[in-house]
Amino acid sequence: MNRPARMRRRDDSVLTRMIRTVFTFLLNSEFEILFLLFFFIAFFLFKELTSRPEYNQILVKKPDGMDWWPY
């Protein structure tokens, strides 16, 4: 009787079973990994942009009071 390709066999080595388990986990959680990766990249880009003085003028408090429309 033929077994399915993803069925674990007892004659596989421990390393083969571990690698197969990791790949199965990655295939099942692909969306969640991409979702978190998107937020990490967006966070680091926002952090980089707000650390530059020429880009974060909107977030900097003006010394001459509350000026809502500086331009």
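**A walk through a two-helix model**

Asp12 is a good place to start: with a relative accessible area of 12%, this residue is buried, since the cut-off for that label is under 20%. Keep in mind as we go that the model is predicted. Buried residues make up 4% of the 71 residues in the protein, and Asp12 is one of the buried residues.

What does the side chain of Asp12 meet in a salt bridge? Its partner is the side chain of Arg20, with 2.9 Å from N to O. Side chains of opposite charge can pair when their charged atoms come close. Arg20 has 28% relative accessibility and counts as partly exposed, so this salt bridge joins a buried residue to a partly exposed one. The structure holds 1 salt bridge, and you have now seen it.

Stepping back to the overall fold, you will find 2 helices and 0 strands. The protein exposes about 7,600 Å², and carbon and sulfur atoms supply 68% of that area.

Now for the aromatic rings. Pairs are counted when ring centres lie within 6.5 Å, and by this rule there are 4 aromatic pairs. Take Phe43 and Phe44: their ring centres are 5.4 Å apart and their planes sit at 65 degrees, so the pair is edge-to-face, a label that calls for an angle over 60 degrees. Phe43 itself is partly exposed, at a relative accessible area of 47%. Elsewhere in the sequence, Phe31, Phe35, Phe38 and Phe39 form one aromatic cluster, a good group to pick out in the view above.

Key
Residues numbered from 1 in each chain as written. Predicted model: local features only at pLDDT ≥ 70, side-chain atom pairs only at ≥ 80, totals over all residues. Heavy atoms only, no water. Phe/Tyr/Trp six-rings, centres within 6.5 Å; stacked < 30°, edge-to-face > 60°. Buried < 20%, exposed > 50% of the residue type's maximum accessible area, 1.4 Å probe, protein only. Salt bridge = Lys/Arg side-chain N within 4 Å of Asp/Glu carboxyl O. Helix = DSSP H or I, 4+ residues; strand = E, 2+ residues; numbered from the N terminus. Areas by Shrake-Rupley, 256 points an atom, 1.4 Å probe, with all protein chains shown as cover.
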